[in-house]
Amino acid sequence: MSKVRRTRGLQSGLELAYLLGGMAAYRAGETFGPRVLGDYELVWIIEGSAEYRLRGHAHNAPPGTVILAQPGFSEEYTWDRRGVTRHAYLHFDMSRAADDWPARDAWPVLRRMPAGDALRPLFRTVIDRWCFGPGRDRGRNAGDARSVNRRHGPVRAGSAAGPP
């Protein structure tokens with residue numbers, strides 16, 4: 001019999017106050033922002049690229065990049081100047097963070113994920129099951145800057161509770 005290993009982060013009580021996510025598409029050269037973020041946001045660049053500006057500093061975000069923005073970030077995006085940019089996003093807030101996590105200022109902001117990473121398939125699963133799920137509309141034109149989203153909350157890590 002194999003033993004189930006639990007991570008300390010799950011045992012120490014990560015709890016999300018809410019989860020809001022979806023997908024969006026932007027035409028070549030469109031911009032979003034500037035804005036000051038009021039919650040956490042994970043952004044996954046799926047197609048095209050973006051220039052992500054955080055506090056006035058520009059960061060290149062090619063396909064496969066995941067951005068973790070935090071409350072209070074002053075940010076803006078310039079989408080790929082050559083074609084459509086598609087990205088998935090998850091907005092969330094934490095009611096309780098895991099006890100063993102590093103301080104927020106040590107968290108990475110932008111990561112270019114390698115082939116075979118675990119984060120993007122997890123991201124896709126959350127978007128597919130929680131934000132769209134059976135019977136929910138995905139039908140947005142790739143050139144349409146509008147997004148489709150769905151909100152859930154509260155969410156506790158390690159719980160069996162899922163989307164309604």
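In this predicted model, Asp 80 sits in the loop that runs between β7 (74–79) and β8 (85–96). Is Asp 80 buried or exposed? Its relative accessible area is 8%, and because anything under 20% counts as buried, Asp 80 is buried. Leaving aside residues up to four places away in sequence, Asp 80 touches Arg 27, Ala 28 and Gly 29, along with Gly 48, Ser 49 and Thr 85.

The strand before this loop, β7, belongs to an open sheet of four strands. The order across the sheet is β2-β7-β4-β5, and the pairing is antiparallel. Which strands stand at the edges? They are β2 (31–36) and β5 (57–61). Each has a single partner strand, so one side of each has no neighbour in the sheet. From one strand to the next, the twist averages 15°. The antiparallel pairing of β2 with β7 runs over four bridges. In one of the pairings between residues, Val 36 has Ser 74 of β7 as its bridge partner.

The next topic is empty space inside the protein. Rolling a probe the size of a water molecule over the atoms shows where such space is left. Across the whole structure, a search finds one cavity of 30 Å³ or more. The volume of the largest cavity is about 40 Å³. Its lining consists of Met 23, Trp 44, Ile 46, Ala 88, Arg 124, Ile 127 and Asp 128. Two elements, β3 (40–47) and α2 (119–132), give two or more residues to this lining. The most comes from α2, with three residues. Sorted by class, the lining has five nonpolar and two charged residues, and no polar ones.

Conventions. Residues are numbered from 1 along each chain as its sequence is written. This is a predicted model: local features need pLDDT of at least 70, side-chain atom pairs count only at pLDDT 80 or more; totals for chains, interfaces and linings use all residues. Side-chain values use heavy atoms; hydrogens and water are left out. Buried means under 20% relative accessible area, exposed over 50%, partly exposed in between (1.4 Å probe, protein chains only). Contact means heavy atoms within 4.5 Å. Two strands pair if DSSP finds at least two bridges between them. Axes are lines fitted to C-alpha atoms, for helices over the stretch in contact, and angles run from 0 to 180 degrees between N-to-C directions. On a 1 Å grid over the protein atoms alone, a cavity is a set of points where a 1.4 Å probe fits but cannot get out, and a pocket is an open set with protein on both sides within 12 Å along at least five of seven lines; lining residues have an atom within 4 Å of a point. Grid points are joined across faces, edges and corners, and a volume is the space filled by probe spheres set on the points. Ala, Val, Leu, Ile, Met, Phe, Trp, Tyr, Cys and Pro count as nonpolar, Asp, Glu, Lys and Arg as charged, and the others, Gly among them, as polar.
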